Every structure is written in C-alpha cells, then in structure tokens.
Amino acid sequence: MTAAVQNSSSLVVRLVNGILAIKPLANLAKHQARQMMIKRAEKIGVPWTKEVEKLQERDWTRDLVQVENPQLSYPDYYLTSFHAYENGNLSWQAAFEVEPAAHAVHAKIWPGAEAQGDRQLRQSYHDILKQSLSQEPQDIIDMGCSVGLSTFALQAVYPQAKVTGLDLSPYFLAVANYRAQQRQANINWVHAIAESTGLPDASFDLVSIFLMCHELPQVPTRQIFAEARRLLRPGGYLAIMDMNPKSEIYKKMPTYILTLLKSTEPYLDEYFALDIEQILIEAGFQTPTITSNSPRHRTVIAQVRG
Ligand SMILES: C[S@@+](CC[C@H](N)C(=O)[O-])C[C@H]1O[C@@H](n2cnc3c(N)ncnc32)[C@H](O)[C@@H]1O
C-alpha cells in the first residue's frame with residue numbers, strides 16, 4: 001500500500017516536472033501564479049500596483065552603489081527564474097514587489113488573517129525563538145534578508161542587538177537599505193553569498209534564516225549550515241523558519257496548485273527531500289528542535305555542539 005502511494009506520487013512529481021520543462025506551459029503557469037498574487041494583494045487592501053509604481057519612480061543608482069559588492073560572482077543555481085521573474089532575484093521588479101508579494105502569499109495561512117498573515121507568521125517564529133534561546137543574542141545575522149522584512153522584525157524583537165542582513169541580491173539590499181533609512185534603523189547590510197560570507201569566525205550569537213532554504217538546492221544548504229556554525233559563538237543558535245514538508249497541506253495539495261508552486265520555486269523537490277535534522281547534526285549542531293509554527297511552516301532551532 002505504502003509503495004503504491006509512493007509510486008503514484010513520484011509519477012505525479014515526474015509529470016509535473018515534465019509539464020514545467022515545456023517552456024510555453026511553464027510561462028503560462030508563472031503568468032497565472034503572478035496574476036493570482038496581485039489580485040489577492042489588492043483584494044486584502046495591499047496596494048501592490050501603487051506601491052510598486054512609487055518605488056519605480058525613484059532613481060536607485062546611488063542606492064545600488066552603496067550596497068553592491070561588484071566583485072561578487074553568483075552561483076549557477078541562483079541565476080535562474082524564481083517567483084515568475086525571468087531574472088529571478090536579480091532585478092528591480094522582483095525587489096519592488098517582494099513586500100506586497102509576501103503579504104499576498106501569507107494572507108491565507110490562517111483563516112481570516114488576510115493582510116495580517118505575514119505579521120502573524122513572523123510573530124509565530126519569534127515566539128518560538130524567544131522561548132528557545134537561553135540568552136538574549138547580542139549579535140544577529142539574518143541570512144537571505146531580502147528587502148529586510150525579516151531583519152526589521154528581528155530588530156524589533158531584540159532591540160539591543162547589533163543586526164546584520166545578508167543577501168545575494170544587490171537590488172533587494174538596495175531596497176532594504178532605503179527602507180532602513182526611512183525607519184531610521186541601524187542595520188549592517190552585507191552583499192555576499194551565505195555559503196561563504198567572509199565575516200569573522202564566532203562573531204554572532206544567532207543566525208536566523210527565514211524562508212530561504214526552500215530556494216536552495218541541497219549542496220548549498222549544507223554549505224550554509226557549515227558557514228552558520230563557523231559564524232556562531234559557543235552556545236550560539238541557528239534558527240530556520242520555512243515551509244514544513246510534513247504539513248498535511250502540502251501532502252493534500254492538488255496537483256495543479258503544486259504545478260503552479262513549482263513553476264515559481266525551482267528547488268522545492270530538493271528542499272522537501274532534505275533531512276534537515278541529519279544535516280544540521282553533520283554541520284556541528286546538537287539535535288535540533290522542530291516545531292510547527294503555522295499550518296504549513298516549521299521552525300527549526302539548533303544550538304552549536306561542543
Ligand atoms: C524568500 S526570500 C527571503 C525572505 C526574507 N527573509 C523575508 O523574511 O522576507 C529568500 C532570499 O534568499 C536570498 N538568497 C538565496 N540564496 C542565497 C545565498 N546563497 N546567499 C545569500 N542569499 C541568498 C535571495 O536573494 C532572497 O532574497
């Protein structure tokens with residue numbers, strides 16, 4: 001019985017991947033996913049079109065120069081289409097739309113949450129974080145910080161801490177830096193690859209990774225966990241919030257929705273197949289705690305071993 005179920009589900013996965021390999025069909029799926037998100041955002045009162053237009057009017061030349069490391073080279077897995085953007089995370093359009101997109105995507109996590117869904121998701125992660133950490137962290141790095149939503153939220157939870165936000169997209173970091181200026185937030189933005197940050201050994205008490213792992217193949221995920229271990233002080237923590245592959249929602253998700261999701265998230269199969277507990281232990285952490293913090297997300301907290 002179990003084998004039959006596994007066979008039929010792996011057949012569906014192969015079928016979905018086959019469909020996505022046909023470019024016009026993949027483009028159609030991406031277009032539909034994007035339209036669905038914009039419509040959902042406007043419906044819950046998030047003015048997607050107006051906000052994006054406002055950001056488009058700004059001259060971003062100096063913002064980009066402030067944050068970009070021109071020596072940085074990008075890994076192949078990053079130079080692909082993500083979230084229906086042809087250039088993935090390396091474009092202004094993606095950077096301008098991150099915030100309304102987060103609100104739209106998280107609006108349906110809890111029934112009735114709507115525009116509050118994104119805030120509630122972050123809160124549910126922070127609640128677990130606060131319960132799990134034995135001491136208040138003094139130095140925090142937010143890996144995959146994007147336009148800073150997770151970074152500002154962490155700073156609000158730990159206002160006394162020095163906070164660093166790291167990302168591979170200079171466009172996202174330029175928007176993050178602009179938002180930080182608007183909020184008068186003091187954050188150190190770093191344009192670097194999370195696998196090899198170039199930051200000093202043992203310089204953080206908390207490495208936080210919020211919704212990045214599902215965007216990664218397994219090899220860089222392992223490298224990033226090893227890098228997090230190097231960056232952490234004795235007793236420090238790695239905290240990861242992301243999609244929960246064990247959630248019933250993904251198990252029961254209709255194939256056509258899964259097709260849409262996979263057309264925008266190229267490494268979802270690899271992420272779902274990852275044994276996160278095992279690779280954290282291999283990277284030098286104690287056995288992590290894994291707690292579901294929403295109907296479809298989990299928080300993984302791992303303390304440095306030894
Ligand atoms: C879904 S976004 C994260 C969202 C953000 N933490 C938030 O809470 O809104 C994933 C981010 O990870 C970044 N990223 C992906 N691979 C990376 C890598 N190897 N090193 C650094 N950043 C990476 C992407 O550029 C993107 O900004």
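A polar contact is a pair of N or O atoms within 3.5 Å. In this predicted model, one such pair joins the ligand to Y77: a polar side-chain atom of Y77 lies 2.8 Å from a nitrogen atom of the ligand. The backbone takes part as well. A polar backbone atom of G144 is 2.8 Å from a nitrogen atom of the ligand. S150 contributes through its side chain, where an N or O atom is 2.9 Å from a ligand nitrogen atom. The protein buries 95% of the 600 Å² that the ligand exposes when taken alone.

The shell around the ligand consists of 22 residues. Y77, Y78, R122, G144 and D167 are the closest. By class, 14 residues of the shell are nonpolar, 4 are polar and 4 are charged. Two elements, α7 and β2 (162-167), each supply at least two residues of this shell.

R122 links the ligand site to helix α6. R122 is among the residues closest to the ligand, and R122 is also one of the buried residues of α6. The helix runs from residue 117 to residue 132 and has 16 residues. From first C-alpha to last, α6 reaches 23 Å, close to the 22 Å expected at 1.5 Å a residue.

Burial in α6 begins with G117 and D118. Further along, L121, R122, S124, Y125 and H126 are buried, as are I128 and L129. An α-helix has 3.6 residues a turn, so residues three or four places apart point the same way. The buried residues of α6 pack against both helices and strands. The helices are α5 (92-106) and α7 (149-157). The strands are β4 (204-210), β5 (232-243), β6 (289-294) and β7 (297-303). Helix α7 thus appears in two settings: α7 packs against the buried residues of α6, and α7 supplies at least two residues of the ligand shell.

Backbone geometry was examined next. Most residues other than glycine have a negative phi. E114 departs from this pattern, with a positive phi of about 45 degrees although it is not a glycine. E114 sits in the loop between α5 and α6. E114 counts as partly exposed because its relative accessibility is 31%, and partly exposed covers values between 20% and 50%.

L211 is also not a glycine and has a positive phi, of about 65 degrees. The loop between β4 and α9 (218-231) holds L211. At 19% relative accessibility, L211 counts as buried, because buried means under 20%.

Key. Residues are numbered from 1 along each chain as its sequence is written. This is a predicted model: local features need pLDDT of at least 70, side-chain atom pairs count only at pLDDT 80 or more; totals for chains, interfaces and linings use all residues. Side-chain values use heavy atoms; hydrogens and water are left out. Helices (H or I, at least four residues) and strands (E, at least two) are DSSP runs, numbered from the N terminus. The expected span of a helix is 1.5 Å times one less than its number of residues. Buried means under 20% relative accessible area, exposed over 50%, partly exposed in between (1.4 Å probe, protein chains only). Contact means heavy atoms within 4.5 Å. A residue is near a molecule or strand if one of its heavy atoms lies within 4 Å of it. A polar contact is a pair of N or O atoms within 3.5 Å; within protein, one must be able to donate a hydrogen and the other to accept it, and residues adjacent in sequence count only if both atoms are side-chain atoms. Accessible areas come from the Shrake-Rupley method with a 1.4 Å probe; for residues, only the protein chains shown count as cover. Ala, Val, Leu, Ile, Met, Phe, Trp, Tyr, Cys and Pro count as nonpolar, Asp, Glu, Lys and Arg as charged, and the others, Gly among them, as polar.
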